Amino acid sequence: MNVQQRATLEDVARLAGVSSKTVSRVFTHRDLVAPETVERVLAAAKRLRFRPNPLARNLRRGGPTDTIGFIMGELNNPFYYKLAAGIERELSAHGFSLVVATTDDTPEGEERVADALLGQRLGALLLIPVAEDQSYLEGERHLGTPIIAIDRPARNLVADSIVLENHRGVFEATTRLLERGHRRIGYICNPASVYTQAERLRGYRDALAAYNIADAWRWERLADDLTRPADGLIADLLDRADAPTAIITGNNRVTVGALRVLRDRDDDATALIGFDDFDTADVLGVSVVSYDPLALGKAAATLAIERMQDPAGFTRQLEMPTWIVERGTGERSPADRTTA
């Protein structure tokens, strides 16, 4: 198949019998052009299948585009694609387009992907920070590009951020289990060093401390290797002589691992509350700390739009609410283990 060369603005001008400047004006300030000329130019553009390039136009002017960038982790995580959907819906309603890039949750990919996107003169950049340091974006911020950190605050960078109520969510989940009589409560997370997990772990420890439980470290299983299945961490914990009567998982990936281990052991007595909802959690009866990723995305997009309108305003860190959804696994009591 022979590939046709794309029509240029000059091609449209020749077919319409006008100057290139007139064609450009039709696509930028149409109200300044006579209606019959506009009609003739648009007819020529349609015939030649010409599409104006707003990116190139804005680059020539030295200004940003109406495109917003979003850097997220792995595509197969429901949290990320629902978050992206919330961002896109809000941006679209305000005339912006969204371009998404992924890092596969690896720090080394973050700066490379950010550099590639910022070369397009984005109107704003939204990202879920993975690397230990985002100071490489400081120069871009000084050039006027708003940077919005989602789910985790940026490090070594002055930027707006929007996060979940991570601490409160796990604090309340742990407190629910304590109120039901549990005293040996495990906490499993991977990765453990990121901001979200540090806050959730702090909520777990604070709740236990409020009940004067000082040796909770025995029931913690923390890892920082996404290639390591959570199943082994959970099995190791449940193999203890003083195995926990309840466990809290730090994200949906670990929750699924916990469900596999409990199923293989025919264990329907150990209580389980997972952070993050997931598609089949209601079918499986899994109690979770939930939130609305679409609302999180929408709020992040709104924050970006507001920052573009007020680039010199004070930076903000917003928190989105979490809540507990009781479906069965989190409502088991310690007595269930002795009667099972």
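Biologist: What share of the contacts in the protein chain with a separation of 6 or more comes from residues 24 or more positions apart?

Modeller: In this predicted model, residues 24 or more positions apart account for 67% of those contacts. A pair counts as a contact if heavy atoms come within 4.5 Å.

Biologist: What makes you say the protein chain is more spread out than a compact globule?

Modeller: Set the radius of gyration against the globule rule: the chain has 26 Å, and the rule gives 20 Å for 340 residues. The chain's value is well over the rule's, so "more spread out" is a fair label. Along its principal axes, the C-alpha trace spans about 90 × 45 × 30 Å.

Biologist: And how much of the chain is buried?

Modeller: With the cut-off at under 20% relative accessible area, buried residues make up 49% of the 340. The accessible surface comes to about 16,900 Å², and 49% of that belongs to carbon and sulfur atoms.

Biologist: On to the secondary structure. How many helices and strands are there?

Modeller: The chain has 14 helices and 12 strands. Six of the strands, in the order E2-E1-E3-E4-E5-E11, form an open sheet with parallel pairing.

Biologist: Why are E2 and E11 called edge strands?

Modeller: Strand E2 (97-102) and strand E11 (317-320) each have a single partner strand, so one side of each has no neighbour in the sheet. From one strand to the next, the twist averages 20°.

Biologist: What packs on that sheet?

Modeller: Helix H6 (residues 107-118) does, touching strand E1 (67-72), E2 and strand E3 (124-127). The direction of H6 makes about 170° with that of E1. Angles here run from 0 to 180 degrees between N-to-C directions, so the helix and E1 point nearly opposite ways.

Biologist: How do you know that E4 and E5 pair?

Modeller: Pairing needs at least two bridges, and 3 bridges join E4 (residues 147-150) to E5 (residues 160-164), running parallel. Within that stretch, Ile-148 stands opposite Asp-160 in E5.

Biologist: What about E9, which strands does it pair with?

Modeller: Strand E8 (residues 246-249) joins E9 (residues 271-275) through 4 parallel bridges, and E9 joins E10 through 3 parallel bridges. Gly-274 is the bridge partner of Thr-249, and Gly-274 also has Val-288 of E10 as a bridge partner. Ile-273 is matched with Ser-287 in E10.

Biologist: What makes E8, H11 and E9 a unit?

Modeller: Together with helix H11 (residues 252-264), E8 and E9 make a right-handed β-α-β unit. Right-handed means that, with the strands pointing away from you, the path over the helix runs clockwise.

Biologist: Why is E9 described as mostly covered?

Modeller: Buried means under 20% relative accessible area, and 5 of its 5 residues are buried. Ala-271, Ile-273 and Phe-275 point one way, with Leu-272 and Gly-274 pointing the other. In a regular strand, side chains alternate between the two faces of the sheet.

Biologist: Which residues cover the two faces of E10?

Modeller: In E10 (residues 287-290), Ser-287 and Val-289 are on one side, Val-288 and Ser-290 on the other, and all are buried. Strand E12 (residues 323-325) pairs with E10 in the antiparallel sense over 3 bridges, with Val-325 as the partner of Val-288.

Definitions and conventions:
Residues numbered from 1 in each chain as written. Predicted model: local features only at pLDDT ≥ 70, side-chain atom pairs only at ≥ 80, totals over all residues. Heavy atoms only, no water. Rg over C-alpha atoms; globule rule 2.2 N^0.38 Å. Buried < 20%, exposed > 50% of the residue type's maximum accessible area, 1.4 Å probe, protein only. Areas by Shrake-Rupley, 256 points an atom, 1.4 Å probe, with all protein chains shown as cover.
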